[in-house]
Amino acid sequence: MQIRNSVSATKRPMPARLAAHSADLASLLVIPLTDLPPAALEQVAHYFRTLSEPMRLRILNTLGTQELSVGDIAQQVDSSVANVSRHLSQMAQHGLVARANQGNSVLYRIVDPTVHALCDLVCGSIARRLDEQASERAAFQAKPADAASARKSSKGSKGAPARQR
């Protein structure tokens, strides 16, 4: 779910989580987006709006494949328990996370396996776009050795005037 910090021009392998859930994704992709009725598109929009909040993405990233209490999540995302609880409630309404009582604690976990796959797809897409942008920028940047030799040759041609005979 995390975007890689380094940008490279190499092709990235499919993330393990995405490979593990590719069968789940294939079974869910029954109706193309272009064929969905307006009411279904509204539900898709609500799902993406739920994921569009950065704090919710941080919470999902923290949960990963484990179960955590609200207090543990709040500490890891550097937020208040009340704020994290509000976000978890919103995600639970949309079926992204579930809560389970364990003794005196309430633990949350991601229940929608497509969340991992979707985040891996989006992060992969962003990383590829950043790779392309870095490659495009690199084309405009001269290598230090090339720049130095270009300066020397331009100074040599501008130096002493040519002799006339």
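**Exercise 1. Find the residue that follows helix α5 and state the sign of its phi.**

Solution. The residue after α5 is Gly95. Its phi is positive, near 75 degrees. Helices here are DSSP runs of H or I with at least four residues, strands are runs of E with at least two, and both are numbered from the N terminus. The model is a predicted one, in which local features need pLDDT of at least 70, side-chain atom pairs count only at pLDDT 80 or more, and totals for chains, interfaces and linings use all residues. Residues are numbered from 1 along each chain as its sequence is written, and side-chain values use heavy atoms, with hydrogens and water left out.

**Exercise 2. Check the length of α5 against the span expected for a helix.**

Solution. Step 1: α5 covers residues 81-93, which is 13 residues. Step 2: the expected span is 1.5 Å times one less than the number of residues, and for α5 this gives 18 Å. Step 3: the end C-alpha atoms of α5 are 18 Å apart, in agreement.

**Exercise 3. Work out how the buried residues of α5 are arranged and what they pack against.**

Solution. Step 1: Val84, His87, Leu88 and Met91 are buried (buried is under 20% relative accessible area, exposed over 50%, partly exposed in between; 1.4 Å probe, protein chains only). Step 2: viewed down the axis of α5, the buried residues lie within an arc of 100 degrees, so they line one face of the helix; the arc is taken from the directions from the helix axis to the C-beta atoms. Step 3: an α-helix has 3.6 residues a turn, so residues three or four places apart point the same way. Step 4: the face turned away from the buried side carries exposed Ala82 and Gln93. Step 5: the packing partners of the buried residues are α2 (38-51), α3, α4 (70-77), β2 (97-102) and β3 (105-110).

**Exercise 4. Describe the surroundings of Thr62.**

Solution. Step 1: Thr62 is in helix α3, residues 54-63. Step 2: its relative accessible area is 14%, so Thr62 is buried. Step 3: the Thr62 side chain reaches the backbone oxygen of Arg58 at 2.9 Å. Step 4: leaving out residues up to four places away in sequence, Thr62 touches Leu68, Gln76 and Val77 (contact means heavy atoms within 4.5 Å).

**Exercise 5. Give the strand order of the sheet and identify its edges.**

Solution. Step 1: the sheet is open, with 3 strands in the order β1-β3-β2 and antiparallel pairing. Step 2: β1 (68-69) and β2 are at the edges with a single partner strand each, so one side of each has no neighbour in the sheet. Step 3: β1 and β3 are joined by 2 bridges (pairing requires at least two DSSP bridges between two strands). Step 4: Ser69 stands opposite Leu107 in β3.

Conventions
Polar contact = N/O pair within 3.5 Å; in protein donor to acceptor, adjacent residues only side chain to side chain.
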